[in-house]
Amino acid sequence: MSKEKERWGAQDLDNREEEEEPKETAVRRVRIDQGALNFTPSQVGTSQKLIVGSSITLAINNTYHPVSSIASLLVIHAKFLVDDPEWNRLDKQHMAVDLGLGGLYPAKEVIRAVLEPKEGETKSILDLGCGTGTWAIEMAREYPDAEVLGIDLAPVPVDGDTLPSNCRFEVDNINLGLAHFGGQFDVVHIRFVGSGLQNFKERMKDVHNCLKPGGIVIWVDADFDYYSTEKFEYHLPATDDNPGGCWSQRVVSEMRRACLRIGSDPIGMESELDAGLWTDPLIDPETCKTGSLYLPVGTWASHDNPRVAPLLKYVGALIGQDFIGAMKLIVPLMVKVGWTKNDVEMWRRNLIQELTDLHVHTVLRVRLVWGRRRPISEGRSVEQASDTEARPDSPSRVSYPWFYVYDTEEVSLKQAEARKKGKNNSILPPIPS
């Protein structure tokens with residue numbers, strides 16, 4: 001086996017270079033009845049249908065529009081969510097987070113208590129920004145008595161013949177409100193959508209209003225600051241003036257700036273999630289926690305435990321491929337805000353070199369935040385369940401070593417302050433006008 005394949009995994013070089021991507025042997029089929037709601041502020045019902053190839057049209061008020069004419073943010077995301085390389089990238093991302101958490105979600109005993117079947121009551125789960133639908137489908141299989149709904153901006157690439165009968169998907173836009181889901185769900189899961197949300201604090205209210213009393217919300221989102229080595233220290237971005245800096249950090253720093261320019265609110269996402277839900281009026285503070293899941297970018301990580309070391313390397317390979325695959329997604333975003341394709345191509349080449357040489361050790365921090373909605377009765381806390389969030393689902397699974405849970409607001413804010421050490425995004429060059 002070549003050294004290159006040793007670093008990236010013998011079967012997984014597919015996202016390294018665009019021209020090296022293997023042809024897919026099986027084409028995913030989109031379930032045709034994915035109803036859409038809420039593409040207009042008046043929440044007029046809409047529907048979608050898949051056209052031959054990867055094109056999508058959306059019917060709004062009986063007038064069909066190509067996806068590219070709906071909204072700038074939809075252009076950036078949706079047109080990439082209907083090809084196999086992007087679906088494969090999102091599935092690798094899902095697998096890495098699953099391995100890090102030891103399952104589909106943190107707070108395992110709490111989630112299981114919330115979703116425990118009760119006579120005369122159907123439990124319901126909402127997955128916002130469901131991507132390929134993998135999380136929603138796996139939850140539907142784990143909880144066959146619950147109803148699972150996945151929401152995304154683009155149709156989900158699932159085969160209706162194998163889809164669990166208790167799982168369905170809809171096309172919807174979170175930025176236009178979620179009032180039509182008010183008070184309907186026992187579990188609301190929202191993962192990696194912060195870069196596309198506008199006015200994050202308002203969107204957070206919308207999401208929490210989807211919960212039934214006693215229901216639990218789980219926020220999972222990426223930190224736009226990458227850290228260096230297993231000590232989780234910030235690594236400065238690479239620039240012309242700092243050529244020895246980190247290209248991974250440069251790319252995510254530019255993504256943050258670009259998202260701000262197109263109207264998204266990554267700064268609001270960072271501050272709200274790092275603060276946790278302790279002061280949220282809808283959420284019971286006794287049930288709140290935050291967490292940090294650190295995932296290596298590339299296969300540099302090692303560990304004294306011979307069972308943990310290959311887990312870290314595998315997760316690192318998945319995240320490295322995820323990151324390189326995402327470069328194709330961000331090209332139109334970067335061009336839209338003023339960079340050239342040549343600029344972004346140069347970043348991509350340097351990023352690939354960085355991940356291949358393994359001389360820069362970076363980790364992606366995944367933010368986790370959860371809490372339960374207050375019950376209807378004033379002054380009453382929701383029923384507590386023991387919380388074994390760091391325990392894997394199965395005894396045969398290896399516990400991931402870099403998952404940290406913060407039990408109080410004080411500790412969560414202290415950790416957020418500690419992560420600011422050494423950060424300096426002011427060294428970034430101006431975005432070309």
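**Exercises on a predicted model**

Leaving aside neighbours within four places in sequence, Arg-365 is in contact with Asp-221, Ala-222, Asp-223, Tyr-227, Asp-274, Gly-291, Ser-292, Leu-293, Tyr-294 and Arg-419. The structure is a predicted model, and the exercises below are to be worked on that basis.

**Exercise 1.** Determine whether Arg-365 is buried or exposed, and identify the side chains with which the side chain of Arg-365 makes polar contacts.

*Solution.*
- Step 1. Locate the residue: Arg-365 belongs to strand β12, which spans residues 362-373.
- Step 2. Assess accessibility: the relative accessible area of Arg-365 is 2%, so the residue is buried, the cut-off being under 20%.
- Step 3. Examine the side chain: a polar contact of 2.9 Å links Arg-365 to the side chain of Asp-223, and another, of 3.1 Å, links Arg-365 to the side chain of Asp-274.

**Exercise 2.** Classify the crossing of helices α6 and α8, and describe the residues in their contact.

*Solution.*
- Step 1. Take the geometry: the axes of α6 (residues 200-208) and α8 (residues 266-275) come within 8 Å and cross at roughly 55°.
- Step 2. Classify the angle: α6 is therefore oblique to α8.
- Step 3. List the participants: α6 contributes Phe-200, Lys-201 and Met-204, while α8 contributes Gly-268, Met-269, Glu-272 and Leu-273.
- Step 4. Sort them by class: the contact has four nonpolar, one polar and two charged residues.

**Exercise 3.** State how many disulfides are counted, and explain why Cys-167 is not bonded to Cys-130.

*Solution.*
- Step 1. Apply the cut-off: a disulfide requires two cysteine sulfur atoms within 2.5 Å.
- Step 2. Test Cys-167: the closest cysteine sulfur, in Cys-130, is 8.2 Å away, which is too far for a bond.
- Step 3. Give the total: the count is zero disulfides.
- Step 4. Add the surroundings: Cys-167 is buried at 2% relative accessibility, and Cys-246 is buried at 0%.

**Exercise 4.** For Ala-107 and Phe-192, establish the sign of phi, the location and the accessibility class.

*Solution.*
- Step 1. Recall the expectation: most residues other than glycine have a negative phi.
- Step 2. Compare Ala-107: this residue is not a glycine, yet its phi is positive, about 50°. Ala-107 occupies the loop between α3 (84-101) and α4 (108-114), and is buried at 0% relative accessibility.
- Step 3. Compare Phe-192: here too phi is positive, about 55°, in a residue that is not a glycine. Phe-192 sits in the loop between β7 (185-191) and α6, and counts as partly exposed at 21% relative accessibility.

Conventions. Residues are numbered from 1 along each chain as its sequence is written. This is a predicted model: local features need pLDDT of at least 70, side-chain atom pairs count only at pLDDT 80 or more; totals for chains, interfaces and linings use all residues. Side-chain values use heavy atoms; hydrogens and water are left out. Axes are lines fitted to C-alpha atoms, for helices over the stretch in contact, and angles run from 0 to 180 degrees between N-to-C directions. Helices (H or I, at least four residues) and strands (E, at least two) are DSSP runs, numbered from the N terminus. Angles under 35 degrees count as roughly parallel, over 145 as roughly antiparallel, 65 to 115 as roughly perpendicular and the rest as oblique. Contact means heavy atoms within 4.5 Å. Ala, Val, Leu, Ile, Met, Phe, Trp, Tyr, Cys and Pro count as nonpolar, Asp, Glu, Lys and Arg as charged, and the others, Gly among them, as polar. Buried means under 20% relative accessible area, exposed over 50%, partly exposed in between (1.4 Å probe, protein chains only). A polar contact is a pair of N or O atoms within 3.5 Å; within protein, one must be able to donate a hydrogen and the other to accept it, and residues adjacent in sequence count only if both atoms are side-chain atoms.
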